[in-house]
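Please look through the sequence and the structure shown here before reading the report, which takes the spaces, the core and the charged pairs in turn.

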Amino acid sequence: MGTDKKKTTNQKESSDKAKSLRELFIDGLKDIYWAENALVKALPKMFENATDQKLKTAIKNHLDQTKVQVTRLDDAFKSLGEKAEGKKCLAMEGLLKEGDEIVQETEAGPVRDAGIIAASQKIEHYEIATYGTLAAFAKTLNERTALDLLLRTLGEEKKSDCLLSTIADTNLNSQANSENFQSKDLNAV
């Protein structure tokens, strides 16, 4: 009886596995759909914890953009004749937890802001990799509507990454560094 139960479990696991590029593509869409929805929930907390006005504006704008990206994913699912649904994205879950840790382990101000940017860029790089891969799958599968939607989002993710680099490079990282030097100088007195 135990063998029959094991066989049934293995058959179920086997039937859940992607057997085609299309199934892998849809699975990837479900993954990023969950990730984008989780990001919609996480961005307000990042906004609350940021102090730099340019960073706060970038986070707010990215929240609005992410909501549009979720709608685009809805449209991509529709174009494929699939129901829009998420599948827990372990990568995004981990990246968001890391971002929470950074906020908890830093004092408010430029150092925390630099940490928020670092965590945000890790998220952007994950999204860039994911959307690039999904766009390549859509192209191979000749899913033109989904491809166009994914490429639009991919371009936005790349721009967001560049904006975060610009915010960090223009002054924020220097402020975070100078605060560190100031505290060392004060300790020496």
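## The largest pocket

What volume does the largest pocket have? In this predicted model, the largest pocket has a volume of about 170 Å³. Its lining is made up of 14 residues, and those that lie nearest the centre of the pocket are Ala58, Ile59, His62, Glu124 and Ser160.

Several helices take part in this lining, since at least two residues each are supplied by helix 2 (21-49), helix 3 (53-79), helix 5 (110-140) and helix 6 (144-188). Helix 3 gives the largest share, which is five residues. When the lining of the largest pocket is sorted by residue type, eight residues are nonpolar, five are polar and one is charged.

## The cavity

How many cavities of 30 Å³ or more are there? The count comes to one, and the largest cavity holds about 100 Å³ of space. Among the residues that line the largest cavity are Ala42, Met46, Leu96, Gly99, Val103, Ile116 and Ala119, together with Lys45 and Asp100.

Helix 2, helix 4 and helix 5 are the elements that give two or more residues to the lining of the largest cavity, and the largest share, five residues, comes from helix 4. By type, this lining divides into seven nonpolar, three polar and two charged residues.

## The nonpolar core

In soluble globular proteins, nonpolar side chains tend to be buried together. The largest nonpolar core of this model has 47 residues, of which Phe25, Leu29, Leu55, Leu96 and Leu150 touch the most other members. At least two residues of this core come from each of helix 2, helix 3, helix 4, helix 5 and helix 6, and helix 2 provides the largest share, with twelve residues.

Leu96 is a useful residue to follow, as it belongs to this core and also lines the largest cavity. If its neighbours within four places in sequence are left aside, Leu96 is in contact with Ala38, Leu39, Ala42, Met46 and Ile123. Two of these partners, Ala42 and Met46, also line the largest cavity.

## Salt bridges

The count of salt bridges comes to nine. In one of them, the side chains of Glu143 and Arg22 meet at 3.1 Å from N to O. Because Glu143 lies in the loop between helix 5 and helix 6 while Arg22 lies in helix 2, this pair ties together parts that are 121 residues apart in sequence. Arg22 has a relative accessible area of 29% and is therefore partly exposed.

Another salt bridge joins Glu85 and Lys30, whose closest N and O atoms are 3.1 Å apart. This pair also links distant parts of the chain, with Glu85 in the loop between helix 3 and helix 4 (90-104) and Lys30 in helix 2, 55 residues apart. Glu85, with a relative accessible area of 32%, is partly exposed.

In a further pair, Glu98 forms a salt bridge with Lys122, and the closest N and O atoms are 2.3 Å apart. Glu98 lies in helix 4 and Lys122 in helix 5, so the pair ties together parts that are 24 residues apart in sequence. Both residues count as partly exposed, Glu98 at 30% relative accessibility and Lys122 at 41%. Elsewhere, Arg22, Glu82 and Glu143 are joined into one network by salt bridges that share partners.

Definitions and conventions. Residues are numbered from 1 along each chain as its sequence is written. This is a predicted model: local features need pLDDT of at least 70, side-chain atom pairs count only at pLDDT 80 or more; totals for chains, interfaces and linings use all residues. Side-chain values use heavy atoms; hydrogens and water are left out. On a 1 Å grid over the protein atoms alone, a cavity is a set of points where a 1.4 Å probe fits but cannot get out, and a pocket is an open set with protein on both sides within 12 Å along at least five of seven lines; lining residues have an atom within 4 Å of a point. Grid points are joined across faces, edges and corners, and a volume is the space filled by probe spheres set on the points. Helices (H or I, at least four residues) and strands (E, at least two) are DSSP runs, numbered from the N terminus. Ala, Val, Leu, Ile, Met, Phe, Trp, Tyr, Cys and Pro count as nonpolar, Asp, Glu, Lys and Arg as charged, and the others, Gly among them, as polar. A salt bridge is a side-chain nitrogen of Lys or Arg within 4 Å of a carboxyl oxygen of Asp or Glu. Buried means under 20% relative accessible area, exposed over 50%, partly exposed in between (1.4 Å probe, protein chains only). A nonpolar core is a set of buried Ala, Val, Leu, Ile, Met, Phe, Trp, Tyr and Cys residues joined through side-chain atoms within 4.5 Å. Contact means heavy atoms within 4.5 Å.
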